[in-house]
Amino acid sequence: MQTVIDDDPERRRLREAASGIAPWRRWGPYLSERAWGTVREDYSDDGKAWHYFPHDHARSRVFRWSEDGLGGVCDQRQIACLAFAFWNGRDPIVKERLFGLTGEEGNHGEDAKEYWWYLDSTPTHSWMRWRYFYPQAPFPYARLVEENRRRGKLDPEYELLDTGVFDQDRYWEITIDYAKASPTDLCMRLRIRNAGPQGETLTVLPMLWFRNTWAWGLERRIPRLSAVDGRIVAEHRLLGRLTLAGDPGAELLFCDNETNTLRLYADPDGPPYPKDGINDHVVGGAATVNPEQTGTRAALRYRLAVAPGATARIRLRLCAADAVPDLGDSHSATLSARRSEADDFHAALVPAGASADEASVLRQALAGMVWSYQFYNYSVERWLDGDPAYPPPPVCRDRRNGGWRHLGSHEVISMPDTWEYPWFAAWDLAFHCVALAHVDAQRAKEQLILLCREWYMHPSGQLPAYEWSFGDVNPPVHAWAAVRVFAIDGARDHDFLERVFHKLLINFTWWVNRKDTDGSNVFEGGFLGLDNIGPFDRSMLPAGAGYLEQSDATAWMAMYCLNMLELALILARHDRTYEDVATKFFEHFTLIALAMEDQGLWDDADGFYYDVLHTPDGSQVPLRAHSIVGLIPLLGVTVLPGAVEKVLPDFAARMRWFLNNRPRAAEVVSHITVPGMGERHLLSIVSPQRLRQVLACLLDESEFLSAHGVRALSRRHLEHPLTTTIMGATFTLDYEPGESTSALFGGNSNWRGPVWMPINHLIVGALKRFHAYLGDGFTVEHPVGSGCELDLGAVADDLAGRLIGLFTRGADGRRACFGESARLQQHPDWRDRLLFNEYFHGDTGAGLGASHQTGWTGLVADLIVNHCRPWSPG
């Protein structure tokens, strides 16, 4: 149920935004932290996006599709952008964007090499806080590249902290607060603290600019920025008039958001005041800013001398008005009021009994989720064919996304990570929406519907995966997310449910027609988002090897059936025509679940599920990996309450007929009669008998169970690697609890041992469903070998507690997610500022991978809100 108080100011703003009364979401943190190195900006003939548009070009070269900046905001169409730049007087360039390594430069793939945090945000962005630590010493760009290139896959990554630039606290702590006085009136406050031992000087550059829409031969009108009485005034035919004002003492600098052709291409005929004009003027004094104080890119330049330990402040205001923006009492009052309202809003989310530390984790996780809404602009057709003002791109580029010409995005979408993954990913987004629904269910529902719309979903019914390859296949978790979001929102928006259900019928049909090779109800799908989980790339089997029937793909489809069944049963209570569809998904589930048995995916001797390779000679070779591939069948479970018999008699009658006339269906459908509740049914791939066998692996600390959640690969493979020979090639799978030692899928993700939040979250939910049916009398030893018997609800609660414990302080005062970093664990400036990593070390819990993946790792917010609450089958 929605736990937010309905009459608080932020909830009122949410209602006004949803109804169109006031556009509170018009401005938000939709400006990415990285636009360089993306597929959208890649017009090369070899598809090497990182090479075609590197970080070194970003300050000088115009972006085609979207912009980036530090701690910035933009409007929903990214017409105008506002962000911040800094110069410590020592760096070779102004710090306008976060630095990181490309996929080839990093010894474990791409990686941001900076420290920044999304500390707070309300869902309408009426209040936001962002923090960045900027070294006072020269930023070690070259050293980070060279040392990480030197290191191999077995070495740890070389981080910015390792360079020593933060020693003696010689850095700037920069905090930016945003508060909206109205939907189009943003008050900002910068606090710049000199954390170091001696006085230092910092140049601060609040920047306002227009995304370049005019250089491509499609839009000829060029908007303008100009100086008016010490303020920057912007005029645009769609946005109207904007004014950026700041505290007195700023120097106004102007240039154009145009490529510096002289620097990049030795072409002297480029613009006199190009995109990097402000950078070159600030760093070297070059005459590269427009003396007429007009252009399409501008900055307020402040030079601050700050004593050690002291804090300087700058007030700013961006508003759509001709009046002089007030930086006095109303500015202060707006910041104070919005902060107080944010406190009240988030306090209402915290469940009774949660600790202050858990409340802080909850708030920071949700802040990261909300800050990860990004403007995503990409027309595949335009990208493939090129722009009128430029020569056609290489024809060979059609190899990437050539079958997705219909896809055209110009929306704000929830992204996995604002630097490492600044593009949407289908299954990530489904998980995001479950966490986001706790603060803004309406927007979560809109996001789920968005990817099902005709300008995203392929005409065949496939959902787009991500821009590197829209045609890749992600696990089908959209229906699961729709059920969860519907419930979090109070189980009342049947229009949403009906709308998403019809589109998912198309997607379900695509899966059945495209990913069941021989019609056996056993499915393929390739890597399915699990990157290097197998001994080889499951999307690219060796030529002539045959085909792979996958336990996870088949289990995902069984879960999809059950989620669609749940949706249909909810809708059938209001429209009886859905009873027929519910029957279809009930029967289809039984066929898939039984096929897993018939096709040999279950190994009774091992008590586990495996992928099976079907070779051309008719042999079946199980791949005996103890990985989450064999745990995902646990997720195919739901409970039909006794009320179904009474409320939906036609469905109940058909279900009884099917069970009576298809005796084997009883293997995957159990039923009990509960006094006062009628007959309840458990639909599950894993029978209660087999459940004990699978849980004996899952809850074994020498296998899957760690102190911080369920590992993606059993620890048994540390001493017993799986070796498979196919077509003369030998492949090995062993336990790797940390960063990947493999280059599969770029090597920046690892599913061979770490703990991943989304799968763990699903396992917790599945165990609660089993407990809702089996009750307190069904117990298992947890952990295995402990002698402690717990019911499945208690096991689920324990797993949730382990996952939450990744971020909260333990008895020793340490946070597992910070690993062995003394500064992160102990320093008062750092120890309470959380990073929500992509995944976590399988033994220590240290955060790994993308550092700001508050996308699906933000699911910890859902765990905190629901921790120790029983799951109800409805």
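For sorting lining residues by class, Ala, Val, Leu, Ile, Met, Phe, Trp, Tyr, Cys and Pro count as nonpolar, Asp, Glu, Lys and Arg as charged, and the others, Gly among them, as polar. With that in hand, let's go through this predicted model, starting with its internal holes.

**Cavities**

There are 7 cavities of 30 Å³ or more. The largest cavity comes in at about 160 Å³. Its lining takes 17 residues, and Leu463, Asn474, Pro475, Pro476 and Trp511 sit nearest the centre. By class, that lining splits into 12 nonpolar, 4 polar and 1 charged residues. Where do the lining residues come from? Helix 10, helix 11 and helix 12 each put in at least two, and helix 12 gives the most, with 3 residues.

The second largest cavity holds about 110 Å³ of space. It is lined by 14 residues, with Asp611, Leu623, Ala625, Ser627 and Val629 closest to its centre. Here the class count is 9 nonpolar, 3 polar and 2 charged.

**Helix 11 and what covers it**

Helix 11 turned up in the lining of the largest cavity, and it deserves a look of its own. Is it enclosed or open? It runs over residues 478–488, and 10 of its 11 residues are buried, so the rest of the structure largely encloses it. The buried set includes Trp480, Phe486 and Ile488, along with His478 and Arg484. Among the elements covering these buried residues are helix 10 (426–450), helix 12 (494–514), helix 13, helix 18 (757–774) and helix 21 (860–866). Just past the end of helix 11, Gly490 takes a positive phi of about 100°.

**Gln550, ahead of helix 13**

Helix 13 (551–572) is preceded by a loop that holds Gln550, with strand 20 (547–549) on the other side. Gln550 counts as buried because its relative accessibility is 1%, and the cut-off for buried is under 20%. A polar atom of the Gln550 side chain lies 3.3 Å from the backbone nitrogen of Gly525. Leaving aside neighbours within four places in sequence, Gln550 is in contact with Phe523, Glu524, Gly525, Gly526, Leu528, Arg538, Leu601 and Asp611. Asp611 is a name you have already met, as one of the residues closest to the centre of the second largest cavity.

**Salt bridges**

Side chains of opposite charge can pair when their charged atoms come close. This structure holds 62 salt bridges; here are three of them.

| Pair | N to O distance | Relative accessible area |
|---|---|---|
| Asp387 and Arg382 | 3.9 Å | Asp387 7%, Arg382 30% |
| Arg405 and Asp385 | 2.9 Å | Arg405 32%, Asp385 40% |
| Arg656 and Glu645 | 2.6 Å | Arg656 37%, Glu645 24% |

In the pair with Arg382, Asp387 is buried, whereas Arg382 is partly exposed. As for Arg405 and Asp385, the salt bridge links distant parts of the chain: Arg405 is in the loop between helix 9 (380–385) and strand 19 (408–414), and Asp385 is in helix 9, 20 residues apart. Arg405 is partly exposed, and Asp385 is partly exposed too.

What does the salt bridge between Arg656 and Glu645 tie together? Arg656 lies in helix 16 (residues 649–661) and Glu645 in helix 15 (residues 643–647), so the pair joins parts that are 11 residues apart in sequence. Arg656 is partly exposed, and so is Glu645.

Some salt bridges join up into a network: Glu10, Arg13, Arg338 and Glu341 are linked in this way.

Terms used. Residues are numbered from 1 along each chain as its sequence is written. This is a predicted model: local features need pLDDT of at least 70, side-chain atom pairs count only at pLDDT 80 or more; totals for chains, interfaces and linings use all residues. Side-chain values use heavy atoms; hydrogens and water are left out. Helices (H or I, at least four residues) and strands (E, at least two) are DSSP runs, numbered from the N terminus. Buried means under 20% relative accessible area, exposed over 50%, partly exposed in between (1.4 Å probe, protein chains only). A polar contact is a pair of N or O atoms within 3.5 Å; within protein, one must be able to donate a hydrogen and the other to accept it, and residues adjacent in sequence count only if both atoms are side-chain atoms. Contact means heavy atoms within 4.5 Å. On a 1 Å grid over the protein atoms alone, a cavity is a set of points where a 1.4 Å probe fits but cannot get out, and a pocket is an open set with protein on both sides within 12 Å along at least five of seven lines; lining residues have an atom within 4 Å of a point. Grid points are joined across faces, edges and corners, and a volume is the space filled by probe spheres set on the points. A salt bridge is a side-chain nitrogen of Lys or Arg within 4 Å of a carboxyl oxygen of Asp or Glu.
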